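Please open the structure in your viewer and have the selection tool ready. We will walk through it stop by stop.

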Amino acid sequence: MAWDKSINKRESFVIVTPTLNSGTMLDETSRSVVENLKEGDEYIIVDGGSTDGSIERVQKNLPKSVRFLHDSGGGMYDAIATGFEQSEKPIMAWLNASDIYLRNALNHVRDAFAKTNAELLYFDNLYISENSQVIQRSRGNVWNVMASIRAGWSPLQDGCFW
């Protein structure tokens, strides 16, 4: 898909969550995504063949606009690609079934894209305990992005948007 530089068309997201037997973690992940979506955004959950009831449970609790796809078992990255192939939204991200977005996270990303006209944004990550206590913060900033990438660094997926 060609990148459209117009701001109004750049504000729509597709968020993909790959999952396989994610249990109750999928509940909180999907809820955090849905609470951040605006009209025109898309949320796709790609299941690799779960047998733990997690898909059936979240399907009952999520809006009908959330799309559920089944992957042929090609693994997590194949599931992510499958989700992205089903959308033409200009801003893409994936969120694993054990991660969450904080309240207003996607609005901050929309604002950052509008202000910077960047093609890739990445942010800090918070590691939280099962009791929702922040236990560590991973800084998303590096001094020289290209040198860092050549050295093996990459932004963490839950704070990366392109």
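**The whole chain**

Start with everything selected: of the 162 residues of the chain, 41% count as buried. Keep in mind as you look around that this is a predicted model.

Now switch to a cartoon view. You will find 5 helices and 8 strands. Following the chain along its sequence, the order is β-α-β-α-β-α-β-α-β-β-β-α-β.

Turn the model about its principal axes, where the C-alpha trace spans about 45 × 35 × 30 Å. How does the radius of gyration of the chain agree with that of a compact globule? For 162 residues, a compact globule would have a radius of gyration near 15 Å, and the 16 Å of the chain agrees with this.

Add a surface next. About 9700 Å² of the chain is exposed, and carbon and sulfur atoms supply 50% of that area. Colour by charge, and you can pick out 16 positive and 21 negative side chains. The centres of these two sets lie 7 Å apart.

Before zooming in, here is one more value for the whole chain. Among contacts with a separation of 6 or more, 70% are accounted for by residues 24 or more positions apart.

**First stop: the aromatic rings**

Hide the surface and show the aromatic side chains. The structure holds 5 aromatic pairs. Select Phe 13 and Phe 161, which form an edge-to-face pair with 6.0 Å centre to centre and 80° between the planes. This pair links distant parts of the chain: Phe 13 is in strand β1 (residues 13–19) and Phe 161 in strand β8 (residues 160–161), 148 residues apart. Are these two rings buried or exposed? Both Phe 13 and Phe 161 are buried.

Keep Phe 161 selected and add Phe 123. These two also form an edge-to-face pair, at 6.1 Å centre to centre with 70° between the planes. Here too distant parts of the chain are linked, with Phe 123 in the loop between β5 (121–122) and β6 (125–128), 38 residues from Phe 161 in strand β8. Phe 161 counts as buried because its relative accessibility is 3%, under the 20% cut-off. Phe 123 has a relative accessible area of 32%, so it is partly exposed.

Add Tyr 101 to the selection to see the cluster: ring pairs link Phe 13, Tyr 101, Phe 123 and Phe 161.

**Second stop: Tyr 43**

Move on to strand β2 (residues 42–47), where Tyr 43 lies. With a relative accessible area of 1%, Tyr 43 is buried. Which residues does Tyr 43 contact, leaving aside its neighbours within four places in sequence? Its partners include Ile 15, Thr 17, Thr 29, Val 33, Leu 37 and Val 66. For a distance to display, try the C-alpha atoms of Tyr 43 and Ser 87, which are 9.5 Å apart in space and 44 residues apart in sequence.

**Third stop: Thr 29**

One of those partners makes a good next selection. Thr 29 is in helix α1 (residues 25–36), and at 0% relative accessibility this residue counts as buried. Beyond its neighbours within four places in sequence, Thr 29 is in contact with Thr 17 and Tyr 43, and also with residues including Leu 95, Asn 96, Ala 97 and Ser 98. Draw a line from the C-alpha of Thr 29 to that of Ala 105: the two are separated by 13 Å, and by 76 residues along the chain.

**Fourth stop: Val 58**

Select helix α2 (residues 54–61) and find Val 58 within it. Val 58 counts as buried, at 2% relative accessibility. Leaving aside its neighbours within four places in sequence, Val 58 is in contact with Leu 26, Asp 27, Ser 30 and Phe 68. The C-alpha atoms of Val 58 and Asp 27 are separated by 6.0 Å, although the residues are 31 apart along the chain.

**Last stop: two asparagines**

Most residues other than glycine have a negative phi. Select Asn 104, in the loop between β4 (91–94) and α4 (105–116), and check the backbone: phi is near 70°, a positive value. Asn 104 counts as partly exposed, at 38% relative accessibility.

Then select Asn 117, in the loop between α4 and β5. Phi of Asn 117 is near 55°, again a positive value in a residue other than glycine. At 37% relative accessibility, Asn 117 counts as partly exposed.

Methods
Residues are numbered from 1 along each chain as its sequence is written. Side-chain values use heavy atoms; hydrogens and water are left out. Helices (H or I, at least four residues) and strands (E, at least two) are DSSP runs, numbered from the N terminus. The radius of gyration is taken over C-alpha atoms; the globule rule is 2.2 Å times the number of residues to the power 0.38. Buried means under 20% relative accessible area, exposed over 50%, partly exposed in between (1.4 Å probe, protein chains only). Contact means heavy atoms within 4.5 Å. Accessible areas come from the Shrake-Rupley method with a 1.4 Å probe; for residues, only the protein chains shown count as cover. Lys and Arg count as positive and Asp and Glu as negative; His and the chain ends are not counted. The place of a charge is taken as NZ of Lys, CZ of Arg, CG of Asp or CD of Glu. Rings of Phe, Tyr and Trp (its six-membered ring) pair if their centres lie within 6.5 Å; planes under 30 degrees apart count as stacked, over 60 as edge-to-face and the rest as tilted.
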